[in-house]
Amino acid sequence: MLHYKELGLVNSRELFKAAVKGAYAIPAFNFNNLEQMQAIISACVETKSPVILQVSKGARKYANQTLLQYLAKGAVEYSKELGHAIPIVLHLDHGDTFETCKSCIEMGFSSVMIDGSHLPYDENVKLTRQVVEHAHKFDVTVEGELGVLAGIEDEVSSEHTSYTRPEEVEDFVKKTGVDSLAISIGTSHGAFKFKVKPGELPPPLRFDILEECERRIPGFPIVLHGASSVPQDIVDEINKYGGEMENAAGVSEDQLRRAAGSAVCKINIDSDGRFVLTAVIRKVFVATPGEFDPRNYFGPARDELKKMIVAKNRNVLGSADRA
Ligand SMILES: [Zn+2]
């Protein structure tokens, strides 16, 4: 057992309290490798933003769980070296079983998500409650989920959205003891969030559901998954250099800004980072076909990802200058 405090990490409790009070959201960026981690930490240090480093089950498999632990410890030391120690949470994204959550807690995670949203309500309550009871012994915070997002992300996929039923949230929070709750109000996982024709806007988020949830659990931290914006200029860049990402669409930054100003205190962004990295690497390969030094495509890709994160923290989440 390695406790997260030994790695210099924090859980999400105090960060969420401050975010709800200050009407901003903590960014949660997924990472799988060194370059993503460097971009996330350097951008969050530059903007003085707290951050949630998010690891999916797929990322654990890809990067190796032991290496991830050292990368997270490295992230803490790296932020100090850059001159400003920011609070860093290491969070499991979409934990699917009690065992996965337990194993992450043993490996130094400070926060876990248990996603029982696909289960019947009572089973979701039971599984989430079991994880919360275990996690709280180690002062690890837990995110639960009610409602299902459409789309595909790593091993999580669903064809249809089922919106969160606000009448369930109070009971769920009370019975499970979760520290935060992911809800489904029309955001979606992956690159193709909405089926839209060129020039059409994706459907707006269901702020009425969000407001009703807020009314029933005032001040309780709410989480939005699948909140990438899929900027059209980056999609165009990918397609220009040989990609095939037609009809990719995301959630507008205006709507995310509005959500961040409410009880939403954690916003997950994964796809936008993937787009940025892909666009840069494709461009380098086409522009300089003789290039074979990975530093010369991972490097510029990392720099662009950093710029994107700086802009998100400053202009969308409002998390800049909060750490
Ligand atoms: Zn998600």
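This passage describes the zinc site and the two largest pockets of a predicted model.

The zinc ion is held by three histidine donors: H94 through NE2, H189 through NE2 and H225 through ND1. The coordination distances run from 2.0 to 2.1 Å. Along the sequence, the donor residues follow the spacing H-x94-H-x35-H. Distant parts of the chain are thus linked at the metal, with H94 in strand β3 and H189 in strand β9 (residues 188–189), 95 residues apart. Both H94 and H189 are buried.

The largest pocket encloses about 440 Å³ of space. Its lining consists of 27 residues. V196, E200, P202, Q232 and A249 are the closest to the centre of this pocket. Helix α9 (residues 232–240) gives the largest share of the lining, with four residues. By residue class, the lining of the largest pocket holds 15 nonpolar, eight polar and four charged residues.

The second largest pocket contains about 360 Å³ of space. It is lined by 27 residues. Nearest its centre lie H94, D115, E155, V156 and S157. H94 is also one of the residues that coordinate the zinc ion. Several elements contribute to the lining of the second largest pocket: β2 (51–56), α3 (57–63), β3 (88–95) and β7 (156–158) supply at least two residues each. Here the lining divides into five nonpolar, twelve polar and ten charged residues.

Methods. Residues are numbered from 1 along each chain as its sequence is written. This is a predicted model: local features need pLDDT of at least 70, side-chain atom pairs count only at pLDDT 80 or more; totals for chains, interfaces and linings use all residues. Side-chain values use heavy atoms; hydrogens and water are left out. On a 1 Å grid over the protein atoms alone, a cavity is a set of points where a 1.4 Å probe fits but cannot get out, and a pocket is an open set with protein on both sides within 12 Å along at least five of seven lines; lining residues have an atom within 4 Å of a point. Grid points are joined across faces, edges and corners, and a volume is the space filled by probe spheres set on the points. Ala, Val, Leu, Ile, Met, Phe, Trp, Tyr, Cys and Pro count as nonpolar, Asp, Glu, Lys and Arg as charged, and the others, Gly among them, as polar. Donors are N, O and S atoms within 2.8 Å of the metal (3.2 Å for Na, K and Ca); water is not among the atoms, so sites may look incomplete. Buried means under 20% relative accessible area, exposed over 50%, partly exposed in between (1.4 Å probe, protein chains only).
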